[in-house]
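Thanks for coming, everyone. Please have the sequence and the structure open while I talk.

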Amino acid sequence: MSSGSSAAIDTEPVTLTRYVLEQQKKHPSATGDFTNLLNCIQTAVKAVSSAVRKAGIHRLYGIAGQTNVTGDEVKKLDVLANDLFINMLKSSYLTALLVSEENDNCIAVETEKSKDDGPPKQADCLQPGTEMVAAGYALYGSATMIVFSSGNGVNGFMYDPAIGEFLLTEHNMKIKPRGKIYSLNEGYEKYWDEPTKEYVRRKKYPETGKPYGARYIGSMVADVHRTLVYGGIFMYPATSENKNGKLRLLYESAPMAYLIEQAGGMAITGTQRILEVQPTDIHDKCPVFMGSKEDVQEVLELYQKYQK
Ligand code: F6P
């Protein structure tokens, strides 16, 4: 029971399910489908989190197809996570098309609607990020987190294994207007274009003030999460080898750009807002610069300078 005092907050944690239900109530026409979909996603995240915890013991870091000590076939973590998500999303009966980096083609799910109207097609996925209504990521580490937005700011939910629920711990996350960290794979410097080279040089050898710190985990989710929390800029630029970089528009760059913008930051390819990029294939890639607004703005200005 709520006593109305602030002490009641500890005993009344806002779970992800409760949070989404409360949001749903604000929209009387809502069907509850989104709430149900998020519940399915939560279950998949919990299952992956449990697998991550056992990964070392069960040799899940190994190659898919390996056999474990008891003779069972061991799936690599990414294959396992992909299977779990596809399974949960299909069985929600709330999804029509799924796109994953592990699958060459998109996965069409038969629904009541598709039975009548015909199955959805790959082309239906080829929409710019401006059409997105929600995005999120799960972060697995010393703690498991879900960070998500449905267009009303960004919220972070930490998994509490003791009660099996995700609890709202980061309310309305906002990214600093300027940070002190730049993040990219410096090993590829010789392949970078001139704006990227000049930008990184400026961060390392500023004319005034201190240089930025460098951080790069090599996992987009972790690098963007840090950028969201501490500010700064995450980059995966075009290279002379790959003119669109490495990160996939539909399921890496655009969802993260959506979250960064929702948190008050900026996300561009160098010359264009990521959310406005029109995909032509489900596995399209695009160069990525995202994070604190002023930091990303500086990159945009450099690209404009070199275009002249
Ligand atoms: O696209 C997969 C991914 O692991 C991202 O999560 C990460 O940002 C990127 O690749 C790292 O690539 P690289 O090893 O080339 O720096």
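Which residue in β8 is the bridge partner of F157? It is L168. Before we go on, one caution: this is a predicted model.

Let's stay with that pair of strands. β7 and β8 run antiparallel, and 5 bridges join them. Another bridge partner to look for is F166 in β8, which sits across from Y159. Together the two strands make a hairpin, with 4 residues between them. Find G164 in that turn. Its phi is positive, at about 70°.

Now step back one strand. β6 covers residues 144-149, and β7 covers residues 155-160. These two also pair in the antiparallel sense, over 4 bridges. Two pairs are easy to point at. M145 has M158 in β7 as its bridge partner. F148 stands opposite N155 in β7. This is a hairpin too, with 5 residues between the strands. Look for G151 there: G151 takes a positive phi near 95°.

Let's put the whole sheet together. It is open and has 4 strands, in the order β5-β6-β7-β8, with antiparallel pairing. Which strands stand at the edges? They are β5, residues 135-140, and β8, residues 165-170. Each has a single partner strand, so one side of each is left without a neighbour in the sheet. On average, neighbouring strands here are turned by 25° against each other, direction ignored. A general point for your notes: in a regular strand, side chains alternate between the two faces of the sheet.

What lies across this sheet? Helix α7, residues 220-230, lies across β5 and β6. The helix runs at about 105° to β5. Remember α7, because we will meet it again.

On to the second sheet. This one is open as well, with 5 strands. The order is β10-β9-β11-β13-β12, and the pairing is mixed. Why do β10 and β12 each have one side without a neighbour in the sheet? Both stand at the edges, β10 at 213-214 and β12 at 266-268, and each has a single partner strand.

Inside this sheet, find β11, residues 233-236, and β13, residues 288-291. They pair in the antiparallel sense over 4 bridges. One example is I233, whose bridge partner in β13 is G291. And here is α7 again. The helix packs on this sheet and touches β9 (181-183), β11 and β13. Its direction makes about 155° with that of β11. A further helix, α9, spans residues 293-307. α9 lies across β11, β12 and β13, running at about 30° to β12.

Last stop: the ligand. Which residues surround it? The shell is N185, Y188, Y216, G218, S219, M220, Y236, K246, L247, R248 and E252. By type, they divide into 5 nonpolar, 3 polar and 3 charged.

Now the polar contacts. N185 places a polar side-chain atom 2.8 Å from an oxygen atom of the ligand. Y188 also has a polar side-chain atom 2.8 Å from a ligand oxygen. With M220, look at the backbone instead: a polar backbone atom there is 2.8 Å from an oxygen atom of the ligand. How much of the ligand does the protein cover? On its own, the ligand has 400 Å² of accessible area, and the protein covers 78% of that.

That's my tour. Over to you.

Notes
Residues numbered from 1 in each chain as written. Predicted model: local features only at pLDDT ≥ 70, side-chain atom pairs only at ≥ 80, totals over all residues. Heavy atoms only, no water. Near = heavy atom within 4 Å. Polar contact = N/O pair within 3.5 Å; in protein donor to acceptor, adjacent residues only side chain to side chain. Areas by Shrake-Rupley, 256 points an atom, 1.4 Å probe, with all protein chains shown as cover. Nonpolar A, V, L, I, M, F, W, Y, C, P; charged D, E, K, R; others polar. Pairing = 2+ DSSP bridges. Axes fitted to C-alpha atoms, helices over the stretch in contact; angles between N-to-C directions. Contact = heavy atoms within 4.5 Å.
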